[in-house]
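Let's take a walk through a protein model together, one stop at a time. Keep the sequence and the 3D view open as you read.

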Amino acid sequence: MACRTGAAELLRGLKANGIEYLFANSGTDFPSIVEAYANLPAREAPTPLIVPHETAGIGMAHGYYLMTGKPQSVMVHVNVGLANSIMGIINAASDNIPVVVMSGRTPVTEHGRLGARATPIQYGQEMFNQSSLVADLVKFHYEMRYPEQAGMLATRATSLAISEPRGPVYLSLPSEALAEKTEDGLAPPPAGQVAATRSAPEPSSIARAAAWIAQARSPLIICQRTDPAGLDAAALIRLAEAHAIPVVEPFSLRNVMASDHPLFLGYDVKDPLAAADVVIVVDCLVPWIEKHHRPDPAKRIIHIGPDPTFGRLPMRSYQADLAIAGDTALTLDALNAALTCSPDAVATRRKLYTAMSAKRVASADNTALNGQADPMSAEWMSRCLSDIMDDRAVLFTELGVVPGAMRLAGPNRLFTVPHSGGLGWALPAALGAQLADRDRLCIACVGDGSYMFANPVACHQIAEALRLPILIIVKNNGLWNAVRRSVRNMYPAGAASQMNTMPLTSLEPLPDFTLIAKASRAYAERVTNGQDLPGALKRACAAIIEERRAALLELQVQISDLY
């Protein structure tokens with residue numbers, strides 16, 4: 001007889017909605033899920049993957065989506081597991097990642113029902129409203145009441161997660177509802193629900209934007225991410241190339257432009273923004289820092305994206321003379337079709353920005369090559385990493401690489417921790433990317449503090465258990481450099497800035513990171529001299545390709561006031 005519990009219907013519903021994996025950190029609320037997996041054919045449920053820490057599960061789902069555009073699911077243990085998940089959910093919300101997050105809920109009954117309370121922790125984990133832990137972060141949250149709701153809830157949650165603006169959703173799953181069997185006639189197969197279709201921009205707004213740009217002397221495009229399929233990047237590049245509009249990527253999250261594109265002005269928004277008279281802000285949460293770069297009010301600022309005003313943020317005061325809501329790629333292509341610029345203006349701009357781009361690339365090359373000292377510079381490290389990246393390789397960074405020093409061949413090669421800044425993201429995100437494509441070189445480059453935030457013992461165990469041979473780069477400078485830089489920027493002449501070791505920043509004595517990796521049979525090596533890095537990377541990649549095991553390089557890197 002077919003398994004007809006709430007748990008089984010939930011798993012069937014997830015699978016029917018395209019969810020391939022359930023990243024699971026199980027607990028005492030999981031018996032019905034475990035029993036359902038034991039009874040269901042593999043084809044009827046997402047593939048279960050054990051992740052021994054909750055932030056790793058959310059991070060892996062995040063990275064998997066960035067590679068595939070497909071949402072996945074994560075299930076954790078009641079309120080305590082959900083609490084451990086929150087940092088990852090914050091990152092997913094900031095980066096518009098559609099992931100179905102679920103947790104069990106401690107039983108609501110004390111006797112008489114299958115799944116009623118049986119242990120002390122099921123009293124200690126009781127809450128008035130478990131969903132309140134994540135209600136401010138997710139697009140949708142709901143606590144399942146009855147087993148016959150399970151399939152419908154899976155469908156509802158998934159369709160809302162992947163509709164724009166995308167984002168995480170949450171389901172709370174009481175033990176009794178998971179364990180109870182559905183009655184005949186109460187749980188028909190859920191009606192299909194797909195994501196809302198891509199929305200087209202308003203034609204009059206496109207015409208208005210096109211008129212402003214056509215009249216501009218120095219238009220500018222600001223961007224910081226593209227979609228997993230690269231449709232947004234392709235449309236943006238078509239617009240930029242057709243009309244010689246330069247592009248800058250401040251605070252880049254998912255790189256858009258090739259490093260050597262003649263219209264790419266790099267990652268520093270200061271000078272390009274100051275020179276522009278019309279600015280097209282493309283799906284940017286943080287196009288500039290108001291304190292430092294606020295543009296002259298006389299400039300015309302156009303915001304484009306599915307949610308161009310980022311309504312989920314309580315406070316965001318960027319100037320917006322025109323905000324065009326719509327699918328990013330459709331909007332950019334519509335603007336491209338409507339825009340007619342003077343041929344002379346286009347030729348002048350193309351010549352100017354081609355020269356500027358070439359100068360920027362040459363300067364970056366020189367800076368990187370001059371950083372082969374002992375210890376090496378972050379720029380040299382970054383250049384060496386981009387040198388080993390083929391056309392499919394991807395790199396996830398968290399207080400790691402210097403994007404301007406890299407040679408990136410195109411969009412979606414470099415992924416940076418979301419602006420929410422929940423540390424411990426890059427390492428599990430790279431694991432998720434490797435799961436999506438086991439033949440792709442997937443690199444995580446993190447600071448020493450960020451590596452510790454990632455629960456590295458758990459992540460190395462996952463890499464070995466699931467055979468995900470990623471390359472891990474740990475940039476070792478022995479301190480919380482982001483905190484140090486923040487203090488120096490805020491109090492440049494302060495007492496703390498004059499100290500050799502600033503309070504609350506030192507990570508000494510550091511553990512031997514190579515031994516942590518070796519505990520899970522990963523290849524590991526420490527490099528202190530920059531000239532030795534290319535050879536070490538070659539050896540690490542050989543271990544990944546030939547032995548199919550993860551590799552870690554711990555690098556001694558200069559302390560910088562910039563990165």
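Our first stop is Tyr21, which counts as buried because its relative accessibility is 17%, and the cut-off for buried is under 20%. Before going on, please remember that everything you see here is a predicted model. Phe23 is buried too, with a relative accessible area of 0%.

What else can we say about these two rings? A search of the whole structure finds seven aromatic pairs. Tyr21 and Phe23 make up one such pair, with 6.1 Å from centre to centre and 40° between the planes, so the pair is described as tilted. Tyr64 joins in as well: Tyr21, Phe23 and Tyr64 form one aromatic cluster.

Another aromatic pair is made by Phe396 and Phe415. This pair is stacked, with ring centres 5.0 Å apart and 15° between the planes. Because Phe396 belongs to strand S12 and Phe415 to strand S13, the pair ties together parts that are 19 residues apart in sequence. Both Phe396 and Phe415 are buried. A ring can also have a charged partner: Arg117 lies over the face of Tyr123, at 4.8 Å from the ring centre.

Strands S12 and S13 lead us to the sheet. In general, the strands of a sheet pair through backbone hydrogen bonds, either parallel or antiparallel. Which of the two do we find here, parallel or antiparallel? The pairing is parallel, and six strands form an open sheet in the order S13-S12-S14-S15-S17-S16. Why do strand S13 (414–416) and strand S16 (523–527) have one side without a neighbour in the sheet? They stand at the edges and each has a single partner strand, so one side of each is left free of a neighbour there. Ignoring direction, neighbouring strands of this sheet are turned by 15° against each other on average.

Let's look at one edge in detail. S16 is joined to strand S17 (residues 551–556) by five bridges, and the two strands run parallel. Here you can find Glu525 standing opposite Leu553 in S17.

Helices pack on this sheet as well. Helix H14 (residues 378–387) touches strand S12 (394–398), strand S14 (442–447), strand S15 (471–476) and S17. The direction of H14 makes about 175° with that of S15. Helix H15 (residues 426–436) also packs on the sheet, where it touches S12, S14 and S15. The direction of H15 makes about 180° with that of S14.

Now move to another helix, H9 (residues 231–243). H9 has 13 residues and reaches 19 Å from its first C-alpha to its last, close to the 18 Å expected at 1.5 Å a residue. Several residues of H9 are buried, among them Asp232, Leu236, Ile237 and His243. What do the buried residues of H9 pack against? Their partners are strand S7 (219–223), strand S8 (247–248), strand S9 (278–282), helix H12 (328–338) and helix H13 (343–369).

Just after H9 comes Ala244, in the loop between H9 and S8. Most residues other than glycine have a negative phi, and most peptide bonds are trans. Ala244 has a positive phi, near 55°. Ala244 is also buried, with a relative accessible area of 0%. Arg548 has a positive phi near 55° as well, and is found in the loop between helix H20 (533–547) and S17. Is Arg548 buried or partly exposed? With a relative accessible area of 39%, Arg548 is partly exposed.

What about the peptide bonds? The bond from Glu164 to Pro165 is cis, with omega near -10°, and Pro165 sits in the loop between H6 and S6. Asp374 and Pro375 are joined by a cis peptide bond too, with omega at about 10°. Pro375 has its place in the loop between H13 and H14.

Our last stop is Ser163, in the loop between helix H6 (150–162) and strand S6 (169–174). Ser163 is buried, with a relative accessible area of 12%. Leaving out residues up to four places away in sequence, Ser163 touches Lys139, Ala195 and Ala196.

Conventions:
Residues numbered from 1 in each chain as written. Predicted model: local features only at pLDDT ≥ 70, side-chain atom pairs only at ≥ 80, totals over all residues. Heavy atoms only, no water. Helix = DSSP H or I, 4+ residues; strand = E, 2+ residues; numbered from the N terminus. Expected span 1.5 Å × (residues − 1). Buried < 20%, exposed > 50% of the residue type's maximum accessible area, 1.4 Å probe, protein only. Contact = heavy atoms within 4.5 Å. Pairing = 2+ DSSP bridges. Axes fitted to C-alpha atoms, helices over the stretch in contact; angles between N-to-C directions. Phe/Tyr/Trp six-rings, centres within 6.5 Å; stacked < 30°, edge-to-face > 60°. Lys NZ or Arg CZ within 6 Å of the ring centre and 35° of its normal.
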